[in-house]
Amino acid sequence: MAQSLAKEFTKGLWAEIPPFRLVLGLCPTLAVTKSVENGIGMGLATTFVLVFSNLLISLLRNVIPTKVRIACYIVIIATFVTIVELVMQAYTYPLFLKLGIFIPLIVVNCIVLGRAEAFASKNNPVMALADGLGIGIGFTLSLASLGAVREILGAGTITIWGGSPIFDMSNWFHPFTFMVEAPGAFAALGLMLAGMNLIGKK
Amino acid sequence: MEFFELAIGSIFINNIILAQFLGICPFIGTSKKMETAVGMSMAVVFVMVMAGMITWSVDTFLLKALNVEYLRTLSFILVIASLVQFVEMFLKKSIPGLYAGLGIFLPLITTNCAVMGACLLNIGNEYHFTKALMSSFSYAIGFGLALILFAGVRERVNLGPVPKPLQDTSIGLVTAGIIALTFTSFRGMV
């Protein structure tokens, strides 16, 4: 039990890490990773929704009729997204403004619905919780690393939650704004995906 | 003139895929063949315009009137999901030709964030009804334009000798980056 639990948790961190291994949820991945800070914020919001929707769907898996299951999942997910939205408006308003419409759009993030359908609806609540947490943390790490690549190349520094930069490379090379703009997002993700393929496939 | 500017802005400058990053999943998923790209684009134009009108009305006459704006996310996704279901049944019954063409792309649209994103953008920009309708239509055309362009390029790229780790999605994303770069040159237009 403990072993399989650990397996479900760790698969989200490497073997099935979204969005690199599971190519899902690309919209927020590309849109919010202008900086590490935004990436972490978006990742944590998604993790919250993922964990609680997985838990609830798993608890209700024998109650929900198969025919209308997708609609039920969407209502459950939308409820948790609304909670995240209201909490972020109350406590982290500047971050909420930066992430903009991508917070309500967690509803249509294929990762959340995908885990509900593929995992939570077939497994017990503890397993579903481990799966949600693993995939969520994996997603947060991916967004943070993509954010780091883009922020370093595009701005030369990394700044988290205001204050002075915690990492500064702007003296070493001239930062190119291409990376923090839209085209750079596609190119950076494509090249990171290639890197992952290079490491992963033996 | 105002509408013309809005249309050019939404199609080219703020292209929903290449500048706003909405609807990337179908953009990558349905662009391997030109045929599927055309089917998806048509389905999106159809649903996005209808969803734009209905969500605008729901927001104005229901949510704002009753002062329950915090239910926006929940109600919009329900409206879009049921709209897609309804459109599917309606087309199957009355326009079988179009249904056969759009076929499998219709159910996929529920989780297409471009549709919901366009609706939320209309509300966020506080457009009135005609403007919201116009902007939904322009966003949908922009979506189709980007998807069809990308599918054409991708068909050619996949014929070439692509290095193994870069194959498929990876080279697709880099290609999309280059297309996005060409779209940035529209910025000075309006």
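This is a short tour of a two-chain model, one selection at a time.

Before you start, note that the model is predicted: local features need pLDDT of at least 70, side-chain atom pairs count only at pLDDT 80 or more, and totals for chains, interfaces and linings use all residues. Residues are numbered from 1 along each chain as its sequence is written, while chains are lettered from A and ligands numbered from 1 in the order in which they are written.

**Stop 1: where the chains meet**

Show both chains. Their contact takes 33 residues from chain A and 32 residues from chain B; two residues are in contact if their C-beta atoms, placed from the backbone, lie within 7 Å. Now select helix 2 (26–32), helix 4 (69–91), helix 6 (110–120) and helix 8 (182–200) of chain A, the elements that each give two or more residues to the side touching chain B. Helices here are DSSP runs (H or I, at least four residues), numbered from the N terminus. Which helix of chain A gives the most to this side? Helix 8 does, with twelve residues.

Try colouring this side of chain A by class: it has 27 nonpolar, five polar and one charged residues. Ala, Val, Leu, Ile, Met, Phe, Trp, Tyr, Cys and Pro count as nonpolar, Asp, Glu, Lys and Arg as charged, and the others, Gly among them, as polar.

**Stop 2: a neighbourhood in chain A**

Select Ile77(A). Leaving out residues up to four places away in sequence, Ile77(A) touches Val49(A), Ser53(A), Val107(A), Val112(A) and Leu113(A).

**Stop 3: helix 4 of chain B**

Next, select residues 72–94 of chain B. This helix has 23 residues and reaches 32 Å from its first C-alpha to its last, close to the 33 Å expected at 1.5 Å a residue (1.5 Å times one less than its number of residues). Its buried residues include Phe76(B), Ile80(B) and Val84(B). A residue is buried if 20 or more other C-beta atoms lie within 10 Å of its own, exposed if 12 or fewer, and partly exposed in between, with C-beta atoms placed from the backbone. Helix 4 of chain A is among the elements covering the buried residues of helix 4 of chain B.

**Stop 4: backbone details**

Zoom in on Pro18(A) and Pro19(A): the peptide bond from one to the other is cis, with omega near -5 degrees. Pro19(A) sits in the loop between helix 1 (2–11) and helix 2 of chain A.

Finally, find Phe21(B), a residue other than glycine whose phi is positive, near 55 degrees. Is Phe21(B) buried or exposed? Phe21(B) is buried, because 25 other C-beta atoms lie within 10 Å.
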